[in-house]
Amino acid sequence: GNNLWIAGQGIAKFDPHTWRFNRYEGEEIEELRGRFDVRDLVQLEDDVFWLATWGNGLIRFDIKNVEYKIFSGDFREFAGPRADMFNCLFVDDGLMWIGTDEGLFLFDPEKEKILKSSEYFNSLSQLFKTQIKSIAKRENGDLLLGTSFEGLIVYNPILGKIKSFTHDINNDDSLGSDRIMQVTVDRDQDVWIASNGGGLGRYLY
């Protein structure tokens, strides 16, 4: 229907017809009780959401049956203890790009596994330890990655190319801040960047 789903302490469904919220706070699962901090969510099936959480990694949530499946150990084993600090999700051709405090991952939700040996693996390794807060994509295949401290990163996974844009105090045309909160692409394929302390910027290709 036209329900609005909201990420926060758990997730909530807002019904615009009744003006009521239905909350899912993970109380059924001991690991989530009191620490179900959801940073982003995407819906890939009618009754299934994937949740990016802060401290519990990636969670598959079956709304209909109220069932949670937590994916965190694989990410920690692969990239370190902060790899379950998830910030954002972006679905692309059935696969899921995940921005974390330990870099960018590519995940196959159907097979429920990290694509460690994908064709992108070598170039992805350049982004390990980068705190990624937001992900968007242009029609040319570029992924736009907003980071906590390293500005905007433009990553083309097919070509394996990475280009960074940062704040330069001597350049008025540079980013307003290296602390990026959100990135989005408009209908003209221009990139809009919201930053902490630097206002709103537009990157013209």
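## A hairpin near the end of the strand list

Q189 takes a positive phi near 70° in the hairpin of strand 16 and strand 17, where 5 residues lie between the strands. Strands here, like helices, are DSSP runs numbered from the N terminus (E, at least two residues, for strands; H or I, at least four, for helices). Strand 16 covers 180-185 and strand 17 covers 191-195. The two run antiparallel and are joined by 5 bridges; for strands to count as paired, DSSP has to find at least two bridges between them. One residue pair to look for is V183, which stands opposite I193 in strand 17.

The model is predicted, so to read it fairly, note that local features need pLDDT of at least 70 and side-chain atom pairs count only at pLDDT 80 or more, while totals for chains, interfaces and linings use all residues. Residues are numbered from 1 along each chain as its sequence is written, and side-chain values use heavy atoms, with hydrogens and water left out.

## The sheet of strands 1, 2 and 3

At the other end of the numbering, an open sheet of 3 strands has the order 1-2-3 with antiparallel pairing. Strand 1 (4-8) and strand 3 are at the edges and have a single partner strand each, so one side of each is left without a neighbour in the sheet. On average, neighbouring strands of this sheet are turned by 25° against each other, direction ignored; the axes behind such angles are lines fitted to C-alpha atoms (for helices over the stretch in contact), and angles run from 0 to 180 degrees between N-to-C directions.

Strand 2 and strand 3 run antiparallel and are joined by 5 bridges. Among the partners, A12 is matched with R23 in strand 3. Strand 3 also holds F21, which makes a nonpolar surface patch of about 280 Å² together with L4 and I6. Patches are made of residues with over 30% relative accessible area and no salt bridge; like charges are joined within 9 Å, and nonpolar side chains (Val, Leu, Ile, Met, Phe, Trp, Tyr) within 5 Å. The areas come from the Shrake-Rupley method with a 1.4 Å probe, and for residues only the protein chains shown count as cover.

## Two loop residues with positive phi

W19 is not a glycine, yet it has a positive phi of about 60°. W19 sits in the loop between strand 2 (10-15) and strand 3, and it counts as exposed at 67% relative accessibility. The cut-offs are under 20% relative accessible area for buried and over 50% for exposed, with partly exposed in between (1.4 Å probe, protein chains only).

V66 is another residue other than glycine with a positive phi, near 50°. V66 belongs to the loop between strand 6 (58-62) and strand 7, and at 33% relative accessibility it counts as partly exposed.

## Aromatic contacts

There are 12 aromatic pairs, where rings of Phe, Tyr and Trp (its six-membered ring) pair if their centres lie within 6.5 Å; planes under 30 degrees apart count as stacked, over 60 as edge-to-face and the rest as tilted. The rings of F36 and Y68 have centres 5.7 Å apart and planes at 80°, so this pair is edge-to-face. F36 lies in the loop between strand 3 (20-24) and strand 4 (38-45), and Y68 in strand 7 (residues 67-71), so the pair ties together parts that are 32 residues apart in sequence.

F36 and Y68 are both buried. They also belong to one aromatic cluster, formed by W5, Y24, F36, F49, F61 and Y68.

## Salt bridges across the chain

The count of salt bridges is 6, each being a side-chain nitrogen of Lys or Arg within 4 Å of a carboxyl oxygen of Asp or Glu. One of them joins the side chains of K69 and E112 (2.6 Å, N to O). K69 lies in strand 7 and E112 in the loop between strand 10 (103-108) and strand 11 (113-114), so parts 43 residues apart in sequence are tied together. K69 is partly exposed at 40% relative accessibility, and E112 is partly exposed at 23%.

D92 and K137 meet in another salt bridge (2.8 Å, N to O). This pair links D92 in strand 8 (residues 86-92) with K137 in strand 12 (residues 132-137), 45 residues apart. D92 is buried, with a relative accessible area of 16%, whereas K137 is partly exposed at 28%. In the salt bridge of R202 with D190, the closest N and O atoms are 3.6 Å apart. R202 is partly exposed at 47% relative accessibility, while D190 is buried at 13%.
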